[in-house]
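I opened the model today with a cup of coffee and a short list of things to look up. Here are my notes, in the order I took them.

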Amino acid sequence: TATTTYLEPFHVARLFASLDQISHGRAGWNLVTSSAPAEAANFSAPAHPPAAERYARAAEFADVVLGLWDSWEEDAITADKQSGLYFDPDKLHRLDHKGEHFHVRGPMTIRRSDQGRPIIVAAGQSEEGRALAGATAEVVFSVQQDMEEARAYCQDIKARAVKCGRIADAVKVMPGLMPALGASAKEAEEKLQRIQDFIHPELGIQRLSSILGTDLSGFDLDGPLPDLAEGLEQPGRQQVVIQMARRENLTIRQLYERVVGIRAHRVVPGTAEEIADDMEAWHKAGAADGFNILFLTYPEGVDDFVDGVIPLLQARGLF
């Protein structure tokens with residue numbers, strides 16, 4: 001993960017190009033614009049820029065990084081001892097980018113990797129975030145609770161990719177999913193609740209208030225979520241949380257239990273079979289190309305999923 005709000009494109013391009021080569025292609029850049037206003041204090045900034053400004057900078061930032069990664073053509077390196085040329089100078093290109101936010105000459109000081117470049121991952125819920133994801137990302141992390149809403153989101157992201165001259169399949173949408181596995185549905189629910197019970201109410205209220213942009217400390221924890229004005233920092237996630245509270249008639253306490261620790265992603269308690277069924281249903285409905293799996297506990301939650309759910313998905317030809 002690297003933020004476009006407080007870093008520089010050349011720096012990020014070089015870091016991830018290095019990681020791409022070192023890891024033989026197992027590298028991806030999670031492109032974020034930073035949602036926490038407090039982050040400004042760590043980067044000599046007087047204030048955190050508003051969302052529209054952050055996303056405008058991010059779009060240009062991504063263009064610069066992609067341009068730098070394309071500085072070297074695939075066959076630029078010749079290493080020709082006879083001629084004394086290490087690379088063909090006609091196949092190395094300066095970027096000479098001059099934009100609103102960045103002036104970057106280039107070229108990249110690291111040659112193209114055997115894989116070409118790292119993949120780009122984004123998480124776009126807001127209008128600006130969706131536009132950026134559709135234009136740049138190969139993988140999109142999403143926050144969805146409802147299958148139909150998730151399907152509409154998938155279609156929207158892929159349509160935006162097509163409008164940007166890409167093919168719909170160029171981007172894979174992966175909703176967040178936390179599986180809570182048990183030998184029975186009851187055991188799974190109990191395991192999930194045992195973890196949720198560790199959330200201190202003060203922390204729960206603080207984190208929920210941060211996401212919703214409203215101080216909820218003065219409200220009854222076991223009462224409904226009050227009407228809220230839309231916040232500025234996380235409008236996409238905020239909308240998902242509010243819709244979840246209204247749709248399921250959750251109290252403030254129930255809501256922070258669903259949000260703290262998993263940031264409003266979907267939780268599916270059940271047996272391995274039930275979780276595999278749920279994932280298959282979402283995939284077949286076009287609501288997910290894959291899933292960003294969050295685990296209830298480490299390492300047990302990882303082992304439970306790998307040993308219990310993955311074989312079922314493999315047997316169905318889904319993994």
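**Entry 1: unusual backbone spots**

I started with Asp 96, which I found in the loop between β4 (85-87) and β5 (97-98). This is a predicted model, so I read everything below as a prediction. Asp 96 is not a glycine, yet its phi is positive, about 50°. I checked its surroundings too: with a relative accessible area of 39%, Asp 96 is partly exposed.

I then went to Ser 44, another residue other than glycine with a positive phi, here near 60°. Ser 44 sits in the loop between β2 and α2. Is Ser 44 buried or exposed? Its relative accessibility is 77%, so I put it down as exposed.

I noted these two since most residues other than glycine have a negative phi, and most peptide bonds are trans. That sent me looking for cis bonds. I found one joining Gly 106 and Pro 107, with omega about 0°. Pro 107 belongs to the loop between β6 (103-104) and β7 (119-122). Tyr 298 and Pro 299 are also joined by a cis peptide bond, again with omega about 0°. Pro 299 has its place in the loop between β11 (292-293) and α10.

**Entry 2: the whole chain**

I stepped back for an overview. I see eleven helices and eleven strands. The C-alpha atoms fill a box of roughly 75 × 50 × 35 Å along the principal axes. Of the 319 residues, 45% are buried. I also looked at contacts with a separation of 6 or more: 70% of them join residues 24 or more positions apart.

**Entry 3: nonpolar cores**

In soluble globular proteins, nonpolar side chains tend to be buried together. I asked which residues have the most contacts inside the largest nonpolar core. They are Trp 29, Leu 31 and Trp 69, in a core of 23 residues. At least two residues of this core come from each of α1 (9-22), β2 (28-32) and α2 (51-69). The largest share is from α2, with eight residues.

I followed Leu 31 further. Leaving aside residues up to four places away in sequence, Leu 31 touches Ala 2, Thr 4, Ala 58, Ala 62, Ile 120, Val 121, Ala 122 and Leu 132. Another core lies apart from the largest one; it has 21 residues, including Ile 211, Leu 216, Met 244 and Ala 264.

**Entry 4: two helix pairs**

My first pair was α2 with helix α3 (residues 127-136), whose axes come within 10 Å and cross at roughly 5°. The two helices are therefore roughly parallel to each other. On the α2 side, the contact uses Ala 52, Tyr 55, Ala 58, Ala 59 and Ala 62, while α3 brings Glu 128, Gly 129, Leu 132 and Thr 136. By class I have six nonpolar, two polar and one charged.

My second pair was helix α6 (residues 201-212) with helix α8 (residues 252-259), packed at about 80° with axes 9 Å apart. That makes α6 and α8 roughly perpendicular to each other. Here Pro 201, Gly 204, Ile 205, Leu 208 and Ile 211 of α6 meet Ile 252, Arg 253, Leu 255, Tyr 256 and Val 259 of α8. This contact has eight nonpolar, one polar and one charged residues.

**Entry 5: salt bridges**

I found 20 salt bridges in the structure, and I followed a few of them.

- Glu 149 pairs with Arg 247, with the closest N and O atoms 3.7 Å apart. Glu 149 is in helix α4 (residues 147-163) and Arg 247 in helix α7 (residues 235-248), so the bridge ties together parts 98 residues apart in sequence. Glu 149 is partly exposed at 32% relative accessibility, and Arg 247 is partly exposed at 37%.
- Lys 191 meets Asp 304 at 3.5 Å, N to O. Lys 191 is in helix α5 (residues 185-196) and Asp 304 in helix α10 (residues 300-308), 113 residues apart.
- Asp 278 meets Arg 266 at 2.7 Å, N to O. This pair joins helix α9 (residues 272-284) to strand β10 (residues 266-270). Are Asp 278 and Arg 266 buried or exposed? Both are buried.
- Glu 273, Asp 277, Glu 280, Lys 284 and Arg 316 form a network of salt bridges.

Methods:
Residues numbered from 1 in each chain as written. Heavy atoms only, no water. Axes fitted to C-alpha atoms, helices over the stretch in contact; angles between N-to-C directions. Helix = DSSP H or I, 4+ residues; strand = E, 2+ residues; numbered from the N terminus. Parallel < 35°, antiparallel > 145°, perpendicular 65-115°, else oblique. Contact = heavy atoms within 4.5 Å. Nonpolar A, V, L, I, M, F, W, Y, C, P; charged D, E, K, R; others polar. Core = buried A, V, L, I, M, F, W, Y, C linked by side-chain atoms within 4.5 Å. Buried < 20%, exposed > 50% of the residue type's maximum accessible area, 1.4 Å probe, protein only. Salt bridge = Lys/Arg side-chain N within 4 Å of Asp/Glu carboxyl O.
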